[in-house]
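Hello,

Here is the structure we talked about. Please open it alongside this note, and then read on for what turned up.

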Amino acid sequence: MSLTANWSYPTAIRFGAGRIAEIGEACAAAGIKKPLLVTDKGLAYLPITQSTLDLMEAAGLGRAMFSDVDPNPTQMNAEAGIRIYREGGHDGVIAFGGGSGLDLGKVIAFMAGQTRPLWDFEDIGDWWTRADADGIAPIVAVPTTAGTGSEVGRASVITNSQTHEKKIIFHPKMLPAVVICDPELTVGMPPMITAGTGMDAFAHCLEAFCSPHYHPMSQGMALEGMRLVKEYLPRAYADGSDLEARGHMMSAAAMGATAFQKGLGAIHAISHPIGAVHHTHHGTTNAVVMQPVLRMNRPAIEDRLAKAAAYLDIVGGFDGFYDFVGKLNAELNIPTSLTELGVTDPDIDALVASALQDPSCGGNPIELNKENVTQLLRDCL
């Protein structure tokens, strides 16, 4: 089976090994002549980034880069990037990297032509309509991990440096115009990052599948996305050069981010504040809290996950699925608790308050409240 394809949903996705060579064509298709490549500090001077800058230069696009991006990007990172974008006279963004580079790149493109402050566009009600849609710059997204799926998303997660809260910034035009999914760019991911980002993709699919909202297309993508992670994440973790496994994981990441239009849940609701305050890796945090969330939600999802288990060739219904998650975490050397992950002396009341304000709460199969979220956090520790 060939792992090369062109997809459109509604973003144009150029999928396949070596397709980063098409960065010039991708920018032309998006209407970008002078892009700013936005990536994170860790990626900035790695060969995959430098070779992409070479390809940009060869295509007449220059080689401008902004990389002052933290692992959990903040509004301070955004303000610095917007300033560089405007001063450089750029007309679009290449969002390059994992979730941090992709999310911040999208926010820079979104805010480039706005006059209101960033938090005015938080994903609350119809706040996105406050934006000047004509001021949003086009985006080409190039993921270098397989997890967040931000390359096919209409939102970004940005941390408020003052309150240490993760906020979701949303606008339909934040969806990248063109995406290059090149599994060769993920080959250099360390096993730990492969595991954490892969479990982020799994969490997206799992929570979307369990969400009570109605979206049959998302339901199908979530189920198949879980199958791809089950089959190919252990392979990618064991052998980072396995391009077939890397390619399927990139598909699973995009599928998960598309599927969670149906909703997320308690995994993300508590992972977001933990990451914002304790600076843990998002996908790894999702993996750590996954089994406690499954236990809490069991009364509402037992039958549904039994059906998923059957599709995934997992014996034992809900219990079999639950045990599979534990075994997969162990195989990937995921910490067994938040304490082991490095969350020490947490302010549980503050984390609970933040979790209950997170937009992910609305997709949880059972209603979240102070009591059950407090118990959930204690169980995760």
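**Cavities first**

In the largest cavity, α9 is the element that gives the most to the lining, with 4 residues. Bear in mind that this is a predicted model. The volume of this largest cavity is about 70 Å³. Its lining has 13 residues, and those closest to the centre are Glu207, Cys210, Ile267, Val293 and Asn297. Two elements give two or more residues to that lining: α5 (191-210) and α9 (282-311). By type, the lining of the largest cavity splits into 8 nonpolar, 4 polar and 1 charged.

How many cavities are there of 30 Å³ or more? The search covered the whole structure and found 2.

The second largest cavity holds about 50 Å³ of space. Its lining is made up of Ala146, Thr186, Met189, Thr194, Thr197, Leu233, Ala236, Arg246, Met249 and Met250. Here α5, α6 (216-238) and α7 (243-259) each give two or more residues. Helix α7 gives the most, with 3 residues. The lining of this second largest cavity divides into 6 nonpolar, 3 polar and 1 charged. Note that α5 takes part in the lining of the largest cavity and in that of the second largest.

**Overall build**

The protein has 13 helices and 9 strands. Its radius of gyration is 20 Å, and the globule rule gives 21 Å for 381 residues, so the protein is as compact as a globular protein of that length. The C-alpha trace spans about 55 × 45 × 35 Å along the principal axes. Of the 381 residues, 60% count as buried.

**Aromatic contacts**

There are 6 aromatic pairs in the structure. Which residues do ring pairs link into a cluster? They are Phe202, Phe321 and Phe324. One to look at when you turn the model is Phe202, which by its number falls in α5 (191-210). There is also a charge over a ring: the charged end of Arg130 sits over Trp127, 4.2 Å from the centre of the ring.

**Single residues to look at**

Start with Leu243, in helix α7. Is Leu243 buried, exposed or partly exposed? Its relative accessible area is 33%, and buried means under 20% while exposed means over 50%, so Leu243 counts as partly exposed. Leu243 also has a partner from far along the chain. Gly16 is 227 residues away in sequence, yet the two are 9.7 Å apart in space, C-alpha to C-alpha.

Next come two backbone oddities. Most residues other than glycine have a negative phi. His279 is not a glycine, but its phi is positive, at about 60°. His279 lies in the loop between α8 (266-278) and α9. With a relative accessible area of 59%, His279 is over the 50% cut-off, so it counts as exposed.

Asp345 goes against the trend too. Its phi is positive, at about 50°, although it is not a glycine. Where does Asp345 sit? Its place is the loop between α11 (338-341) and α12 (348-357). Asp345 is exposed as well, because its relative accessible area of 75% is over 50%.

**If you have only a minute**

Look at the largest cavity, of about 70 Å³, and at the lining that α9 gives it. Then go to the Phe202, Phe321 and Phe324 cluster. Finish with the loop residues His279 and Asp345.

Best wishes

Definitions and conventions
Residues are numbered from 1 along each chain as its sequence is written. This is a predicted model: local features need pLDDT of at least 70, side-chain atom pairs count only at pLDDT 80 or more; totals for chains, interfaces and linings use all residues. Side-chain values use heavy atoms; hydrogens and water are left out. Rings of Phe, Tyr and Trp (its six-membered ring) pair if their centres lie within 6.5 Å; planes under 30 degrees apart count as stacked, over 60 as edge-to-face and the rest as tilted. A charge sits over a ring if NZ of Lys or CZ of Arg is within 6 Å of the ring centre and within 35 degrees of the ring normal. On a 1 Å grid over the protein atoms alone, a cavity is a set of points where a 1.4 Å probe fits but cannot get out, and a pocket is an open set with protein on both sides within 12 Å along at least five of seven lines; lining residues have an atom within 4 Å of a point. Grid points are joined across faces, edges and corners, and a volume is the space filled by probe spheres set on the points. Ala, Val, Leu, Ile, Met, Phe, Trp, Tyr, Cys and Pro count as nonpolar, Asp, Glu, Lys and Arg as charged, and the others, Gly among them, as polar. The radius of gyration is taken over C-alpha atoms; the globule rule is 2.2 Å times the number of residues to the power 0.38. Buried means under 20% relative accessible area, exposed over 50%, partly exposed in between (1.4 Å probe, protein chains only).
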